[in-house]
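Work through the exercises below with the sequence and the 3D structure at hand. Try each task before you read its solution.

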Amino acid sequence: MFPDMVLSRILIPEALTDQMQETFPKHTVTIISRGAINMNLIDVISYNNFLKSLFPDGMDDNVLIGKLSLELGGRFGVSIHTKQRPAKEVPKWGKWGVDYNVIVIHLLGGKGETVNVKNWNDIEYSKMCLKKCENGFSIQHSGVFHDIYFLFDILTFQSCSTYIDGGTESI
């Protein structure tokens, strides 16, 4: 099996097994797929209680990586911007849509052994794909003109900040 493949088992309802016994002999099916199966970034972040209260159903994958700083020893910092409205108001931030419409999640990471960045100057909001790898996780963030890919073993929540994005300003 390839290292980036995900193996999972699902339960098949009894009604379907009667109709298709040769397909579902043991009431389970093994699904092999390349990549992540709806992994959510918040689930792999340490100290994520506050983030789970903001986004109880998970975070949208349409984000912007606004900062990626590298340190010795494979450590790194990353700031992820999201325009997803939080499930709860945070009084010190003000009112959504008036005082802020972007939340920036500041994280520290470890074992950033591989980092590939193409066209950092042209970064934009786009889909972020999180995958489980052999030694941790990978993030792929690609847009029309940019591509960011990095590996890590841990992400630790540090803080959040907010700002109002007028749409014409650059990050």
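**Exercise 1.** Find how β5 and β6 are joined, and then place them in the sheet.

*Solution.* Begin with the pair itself: β5 and β6 run antiparallel and are joined by seven bridges, where strands are DSSP runs of E with at least two residues, helices are runs of H or I with at least four, and both are numbered from the N terminus. One of the residues to look for is Ile-80, whose bridge partner in β6 is Ile-105. Strands of a sheet pair through backbone hydrogen bonds, either parallel or antiparallel. Now widen the view to the open sheet, in which nine strands follow the order β3-β11-β6-β5-β4-β8-β9-β10-β7 with mixed pairing; two strands count as paired if DSSP finds at least two bridges between them. At the edges lie β3 (45–46) and β7, each of which pairs on one side only.

Before going on, note that this is a predicted model, in which local features need pLDDT of at least 70 and side-chain atom pairs count only at pLDDT 80 or more, whereas totals for chains, interfaces and linings use all residues. Residues are numbered from 1 along each chain as its sequence is written, and side-chain values use heavy atoms, with hydrogens and water left out.

**Exercise 2.** Decide whether His-141 is buried or exposed, and list the polar contacts of its side chain.

*Solution.* First locate His-141, which is in strand β9. His-141 counts as buried because its relative accessibility is 0%, and buried means under 20% relative accessible area, exposed over 50% and partly exposed in between, with a 1.4 Å probe and protein chains only. Next follow the side chain of His-141, which reaches the backbone oxygen of Val-63 at 2.8 Å and makes a polar contact with the side chain of His-146 at 2.9 Å. A polar contact is a pair of N or O atoms within 3.5 Å; within protein, one must be able to donate a hydrogen and the other to accept it, and residues adjacent in sequence count only if both atoms are side-chain atoms.

**Exercise 3.** Which residue, 63 residues away along the chain, has its C-alpha atom 6.1 Å from that of Tyr-125?

*Solution.* Start in the loop between β7 (115–118) and β8, where Tyr-125 is found. The C-alpha atom at 6.1 Å belongs to Asn-62. Leaving aside neighbours within four places in sequence, Tyr-125 is in contact (heavy atoms within 4.5 Å) with residues including Asn-62, His-81, Val-102 and Tyr-163.
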